[in-house]
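Open your viewer, set the chain to cartoon and keep the side chains ready to switch on. We will go from stop to stop, with a selection to make at each one.

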Amino acid sequence: MKFFRFVTIIPFFLLLLSAGQDPVLPKLKSFTVQLPGTSSAIDRGEISLGDWLAFVYKTTYNWDNEAFETGRKDSLMPDTNILPEKYRLIIRLFNRLDFDNAPASTKWHLFYGNNTYAETFQLPVTKAEWDNDTLKKHIEKYVELPVVGISYWQAQQYCAWRATEMMKEKNVIDGGWKVKGRLLTLDEWTKFQYEIGPRYDSNKTDQIDTINKTGCYLLNIKTDKPCESLLEGWKIYGGGTVAVFSFNPDNLGLYQMFGNVSEMLQEEGKAVGGSYLNYGNECRTANIISYSAPQPWLGFRCVFDFSR
């Protein structure tokens, strides 16, 4: 059987440490940075569709026979009733891992994909799809979108799973560390609001800078007059969300804390940061967004608390 590896391998990143001040946390495999002055680390980017599928794949499918626990899989998949159309092909391919629904004569080729956090998943494709370069490029692009259509409970399950995976790392074991996964709190957003998001060095307010000096937007938000590079991004990703590591990181090394998708807070039903549906002046820490169910504009990233 042939394999096609379509995601660029991201090197292991170290936690950013403030000299002589912050607790020294273990070096991790995750694309994660330390929150200054704390014993907590935060994901640099929003959780992507590829990240989510790796989670479902790892926790649902048996490696030796590909059989799955139906109840668990169904409880972890995004809500396809509200999922944007551009996500649905990836979900349909992933659902083919229930091989019982395929004709016995079908011979699958398997896309193997890595996610940001060094886990893998498979997407079965037919011979015709395997030979379709357009399809391959589509997969490569859209697994990098932020996962949406996820409930608060599902997000909590993911962060708990990631923490469990971290506790298997040698540096964590050797240091006697315990790890707990969760979502970012509003207090943390407020504490770091002068450092997160795009901003000029002279900007010492809670307002982010949404455009650069040439008038081009610095994040994926709603605008009535998009610049050329923003239009190019929309063209690549079909409007709406863009890849989680689009644009430039902020002063903490975090990507898209504002715009793209609103991010769930640890307090259930509350989100912050604004999304592609919001103008820049709406993407403020003080603008708390309420939700009661999965949404096409709502995503998350994880925070990890370390203790001994």
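Which residues does Thr38 touch, not counting residues up to four places away in sequence? Select Thr38 and show its surroundings: Asp22, Pro23, Lys191 and Phe192 are the residues it touches, where contact means heavy atoms within 4.5 Å.

Before moving on, a word on what is on screen. This is a predicted model, in which local features need pLDDT of at least 70 and side-chain atom pairs count only at pLDDT 80 or more, while totals for chains, interfaces and linings use all residues. Residues are numbered from 1 along each chain as its sequence is written, and side-chain values use heavy atoms, with hydrogens and water left out.

**Stop 1: the hairpin around Thr38**

Stay on Thr38 and zoom out a little. Thr38 sits in the loop between β2 (32–34) and β3 (40–43); helices (H or I, at least four residues) and strands (E, at least two) are DSSP runs, numbered from the N terminus. Thr38 has a relative accessible area of 17%, so it is buried. Here buried means under 20% relative accessible area, exposed over 50%, and partly exposed in between, with a 1.4 Å probe and protein chains only.

Now colour β2 and β3. The two strands form a hairpin with five residues between them, and they run antiparallel, joined by three bridges. Strands count as paired if DSSP finds at least two bridges between them. To find one of the bridges, select Gln34 and look across to its partner in β3, Ala41. In the turn, click on Gly37, which has a positive phi of about 75 degrees.

**Stop 2: both sides of β3**

Show the side chains of β3. Are its faces covered or open? Both are covered: Ser40 and Ile42 are buried on one side, and Ala41 and Asp43 are buried on the other.

Next, add β11 (302–307) to the selection. β3 and β11 are antiparallel and share three bridges. Ser40 is a handy marker here, as it stands opposite Asp305 in β11.

**Stop 3: past β11 to Arg308**

Follow the chain into the segment after β11, where you will find Arg308. Arg308 has a relative accessible area of 65%, so it counts as exposed. Leaving aside neighbours within four places in sequence, Arg308 is in contact with Gly175, Gly176 and Trp177.

Draw a distance from Arg308 to Gly175. The two are 133 residues apart in sequence, yet 8.2 Å apart in space, C-alpha to C-alpha. Then display the side chain of Arg308: one of its polar atoms lies 2.7 Å from the backbone oxygen of Gly175.

**Stop 4: the disulfides**

Select the cysteines and show them as sticks. How many disulfides are there? There are two, taking a disulfide as a pair of cysteine sulfur atoms within 2.5 Å.

Start with Cys159 and Cys302, whose sulfurs are 2.3 Å apart. Cys159 lies in helix α6 (residues 152–166) and Cys302 in strand β11, so this pair ties together parts that are 143 residues apart in sequence. The torsion about the S-S bond is about -90 degrees, so the disulfide is left-handed. Cys159 is buried at 0% relative accessible area, and Cys302 is buried at 0% too.

Then go to Cys216 and Cys227, with an S to S distance of 2.2 Å. Both cysteines are in the loop between α8 (186–191) and α9 (228–237), 11 residues apart. The torsion about this S-S bond is about 45 degrees, so the disulfide is right-handed. Cys216 is buried at 12% and Cys227 at 13%.

With the bonded cysteines numbered in sequence order, the pairing is 1-4, 2-3.

**Stop 5: down the axis of α9**

Turn the view to look along α9 and select its buried residues, Leu230, Gly233 and Tyr237. They fall within an arc of 55 degrees, so they line one face of the helix; the arc is that of the directions from the helix axis to the C-beta atoms. An α-helix has 3.6 residues a turn, so residues three or four places apart point the same way.

Show α3 (85–95) and α5 (133–142) as well, since the buried residues of α9 pack against them. On the face turned away, pick out the exposed residues Glu228 and Lys235. For a last click, choose Gly238, just after α9, which takes a positive phi of about 70 degrees.

Conventions:
A polar contact is a pair of N or O atoms within 3.5 Å; within protein, one must be able to donate a hydrogen and the other to accept it, and residues adjacent in sequence count only if both atoms are side-chain atoms.
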